[in-house]
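The following note sets out points for the reader to weigh alongside the coordinates. The points begin with confidence and then turn to symmetry and the interface.

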Number of protein chains: 2
Amino acid sequence: MSKLKNDTLIRALKREPTPYTPVWIMRQAGRYLPEYNQTRARAGSFLALCKNPDFATEVTLQPLARFALDAAIVFSDILTIPDAMGLGLYFSEGEGPQFERPLRDEWEIRNLFVPDPGEHLRYVLDAVAQIRRALANEVPLIGFSGSPFTLACYMVEGGASADFRMTKSMLYNRPQVLHHILDINTRAVTAYLNAQIEAGAQAVMLFDTWGGVLSGTAYREFSLPYLQRIVAGLKREHGGEAVPNIVFTKGGGQWLEDIAAIGCDAVGLDWNTDIGEARRRIGNRVALQGNLDPAVLFSSPEIIKRQTHQVLAAFGHGNGHVFNLGHGVSQFTSPENVAALVNAVHELSPHYH
Amino acid sequence: MSKLKNDTLIRALKREPTPYTPVWIMRQAGRYLPEYNQTRARAGSFLALCKNPDFATEVTLQPLARFALDAAIVFSDILTIPDAMGLGLYFSEGEGPQFERPLRDEWEIRNLFVPDPGEHLRYVLDAVAQIRRALANEVPLIGFSGSPFTLACYMVEGGASADFRMTKSMLYNRPQVLHHILDINTRAVTAYLNAQIEAGAQAVMLFDTWGGVLSGTAYREFSLPYLQRIVAGLKREHGGEAVPNIVFTKGGGQWLEDIAAIGCDAVGLDWNTDIGEARRRIGNRVALQGNLDPAVLFSSPEIIKRQTHQVLAAFGHGNGHVFNLGHGVSQFTSPENVAALVNAVHELSPHYH
């Protein structure tokens, strides 16, 4: 494999010098892009997009054709693993992801198995390989997965939830049953991310979307140790190149020290957290990714530039910052405003390097 | 007025010695109680309950008849003020609160007025007075309001929101327009809480339910200064008795130092925050209220007792703790488990005093 032409993301994740702050955007291939909606219409559904490597490659590349992004992220879903376990992932309009067969009985939980990525998640690995070829080493490709706890929430609830009543009932009443699910998920995520790395992913990210609904004590028992096990089990290089990892717990701003201590390369920050304070707390150990409020993209290029500058200035001078939003880009965002963000990062950040 | 028989709540909010940790529960009069559902059926709707002082008194007292709670809280809604402003509060099944006439145009915003509590919110003041009489000084009565920013969210969105797109668009695009709404709301909330105090409320609480959706910078501009203005404008005593106040920003665990600095008597904590850490951070300045995960009440009396003990032990020995959940009690909670919680606090907490 030849060298990456733009390796700013990889270098920033390793806290090495870069001439500017690299930027990518969570959900950068998504419904705010008309061309994405066209491809999705051709594919028939979100899941059909994910499961067809040609379509997945096409939409992964769409934002890169528009914006000077410093990374691609494989187009997929955080819930591919439970789908591969047979739970039957589906999406109904306006409802978010759901499972046809959520975990309702303990015998179902005892029968859970670790899917073989090469078999049950082949379509993701094929997409990773195909996207890598299409990227032609212009920018790195990020692979990802949901965290064990986040997967468990969806597996137990059967979908998103306001209060995670079933998951938390299990957590407090039958903690060993939840730990069993989390153990299976941990082995599955580790194998899956390593398979993505072998297929060509040059960095990987763990999305702990729901860890922030826990108390600190419960987070340290039911989410964090499993993130730590995954990080410990991840390949750290492939083909002679370092493969850094990013751990993101939405709502985890109070636990940054704990997250930074699990051995990950970078910590993702939601927009509630001040990135300057986060740097003072953990910036000597990990890189930081984030963290503009996605709602800033509902404003104007001028305001976006000013708010982007605030985040850059809050991080301050030096290495180890990957610019991103604090959460996925909204479907109601205008692509022009995303361009304004990417351009602002590239225009303003060299001052800090 | 004669003396309170049980003044543990008031004393704890003032960080004075108490023989045990007082406990009350957010939304303690609510759908988890069969007798509440019966009264609500008789009243016809949630709003009819709120607006009729007889019904409001009846449901306010219901949890006190069942549990040895150390406070009552007036049965009302956090959105009475925008309703009094003419926005037309209503509730549709499963949807949460909504407004018939949300703020869509700037002329509507310019025409906003500060409602006179004695006129437009008479029903709340009548309920407060009637509940005080019915309580016969057994336990104190807490009054409350939504925070200016939280009210503004509902007023602009027209209801709850996943992303607060309209409010945040205004915040970033037209900050002065949002500041105008917040100024009106601040004056309205201050007058309303002071009227509740004059009608007999013996403590007051500000619910900043949505402050936690902001970035720290935005929180310090659009929520916190208005909370501070209200606290500065609140009556601190009535009838020769101190009237302490509590400020609760859900999701505000990263900003506790800022909240404690606005001059409030107590800070409410959601369940994400470790109450022991919170005490180390701000416990020398304010009392702390909270913060058991409401989902613990989906477990068993034995587990509830153990988890309650964890919160008491995390706060530790000494004064200034009011036990509560970290959020309102769920409608799916069994009353027996609420009894287990209240009894556990009373049984276990004397050790810490």
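1. Confidence. Chain A has an average pLDDT of 97, and 99% of its residues score at least 70. This is a predicted model, and for the complex the predictor reports an ipTM of 0.94 together with a pTM of 0.96.

2. Symmetry. A turn of 180° with a shift of 0.0 Å along the axis lays chain B on chain A, the RMSD being 0.0 Å. This relation is therefore that of a two-fold axis. Among the residues of chain B, the closest approach to the rotation axis is made by B:Gln254, whose C-alpha lies at 3.2 Å.

3. Extent of the interface. Contacts join 27 residues of chain B to 27 residues of chain A. On the side of chain B that touches chain A, at least two residues each come from helix H10 (165-173), helix H12 (216-222) and helix H16 (301-315) of chain B. The greatest contribution to that side is from H10(B), with five residues.

4. Composition. Which classes of residue make up the side of chain B that touches chain A? The residues there comprise 15 polar, seven nonpolar and five charged.

5. Equivalence of the two sides. Of the interface residues of chain B, 100% are interface residues in chain A as well, so the copies meet through the same surface. This point may be read together with the two-fold relation of the chains.

Notes. Residues numbered from 1 in each chain as written. Chains lettered and ligands numbered in written order. Predicted model: local features only at pLDDT ≥ 70, side-chain atom pairs only at ≥ 80, totals over all residues. Contact = placed C-beta atoms within 7 Å. Helix = DSSP H or I, 4+ residues; strand = E, 2+ residues; numbered from the N terminus. Nonpolar A, V, L, I, M, F, W, Y, C, P; charged D, E, K, R; others polar. pLDDT = per-residue confidence, 0-100. Least-squares fit on C-alpha atoms with pLDDT ≥ 70 in both.
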